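Welcome! Here are a few short exercises to work through with the structure in view, each followed by a worked solution.

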Amino acid sequence: MTPRIYISPSSQPDNTYAGVDTNEQEVCRAIARELAEDLKRCGFEVICGDYGTMYDRVRESNGWPAGLHLPIHTNGFNGEVAGTRLMSYDLKGSGYKVCQAIFKHLAPLTPGTSENISAHPEKYEIYAAVAPTAYVEVDFHDVPDVALWLTQNKPQIAQAICQGICDYYKMAYIPESSEEYAPDPEPAPDPEPAPKPSGKIEGLPVVKSGSCGDAAKIVQGALIAKGYSCGSSGIDGVFGVNSVAALKSYQKEQGITADGIVGPATWGKLLGV
Ligand SMILES: [Zn+2]
């Protein structure tokens, strides 16, 4: 049977973002809509509850009935603490296992570092939803840098959550078709014609915010070798906020579009070919 995912984004417009003119409801509903598209593409049945109150959404989730109930929120505390927090009914059931799978993809992506999974059986959407619940607090919107990051990375956040859910259900994650990503623009014309990227460069994958693995490691290694810090975790193969910032500085220095995305032009510069 096709797994049924009920996405229940925050309906809290009063939780405003620090330094950005938006709020928890607006951002979480936008993430939920992205996530619904991602999950459908990967073969899930989805209801995106970007309406009503949490009571309406739990009623709809239970009546469907959903196989997984998935509240999406951003967090607030003291304007300093930041990180991904996930919550489930207890620390052993299916809700917890889904939290673990999502955490693996989402926590390395988000800028905050105070991160954990905890049991909250007293939370309404956790105890009242019949389906196992994985309650996602993406990061903290009362920290200005993090609030800005949240508004700028909604597709990447949705992708990370989707990858975690695919892992849990042992479904293949199907990425968005590559034509939806803008390719690196051609470098500005030089007096000397720029060397044509070799076939090897063209075969290298695009590395951008949220990319994981060997290609991300190669980019981090090249940036660090050129004197750009990728943050305290160094060459960890996770292309997070510090790696993107390092890449943008490097691109700016090289006179190529500082979009934080490694396509053929940037690969060519990084590898010196
Ligand atoms: Zn909330």
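In this predicted model, 44% of the 273 residues of the protein chain count as buried.

**Exercise 1.** Work out how the radius of gyration of the protein chain compares with the globule rule.

Solution. Begin with the make-up: the protein chain has ten helices and six strands. Its radius of gyration is 20 Å, close to the 19 Å that the globule rule gives for 273 residues, so the chain is as compact as a globular protein of that length. For the outline, the C-alpha atoms fill a box of roughly 65 × 45 × 30 Å along the principal axes.

**Exercise 2.** Decide whether Ile-224 is buried, partly exposed or exposed, and find its contacts.

Solution. First locate Ile-224 in helix α8, which covers residues 214-225. Next, count neighbours: 15 C-beta atoms lie inside 10 Å of Ile-224. Being buried takes 20 or more and being exposed takes 12 or fewer, so Ile-224 is partly exposed. Finally, beyond its neighbours within four places in sequence, Ile-224 is in contact with Cys-230, Gly-234 and Ile-235. Gly-234 is ten residues away in sequence, and its C-alpha is 8.0 Å from that of Ile-224.

**Exercise 3.** Examine the backbone at Pro-65 and at Lys-170.

Solution. Start with Pro-65, in the loop between α2 (54-63) and β3 (68-75). The peptide bond leading to Pro-65 from Trp-64 is cis, with omega near -5°. Then move to Lys-170, in the loop between α6 (154-169) and α7 (199-202). Lys-170 is not a glycine, yet has a positive phi of about 55°. With 6 C-beta neighbours inside 10 Å, Lys-170 counts as exposed.

Terms used
Residues numbered from 1 in each chain as written. Predicted model: local features only at pLDDT ≥ 70, side-chain atom pairs only at ≥ 80, totals over all residues. Helix = DSSP H or I, 4+ residues; strand = E, 2+ residues; numbered from the N terminus. Contact = placed C-beta atoms within 7 Å. Rg over C-alpha atoms; globule rule 2.2 N^0.38 Å.
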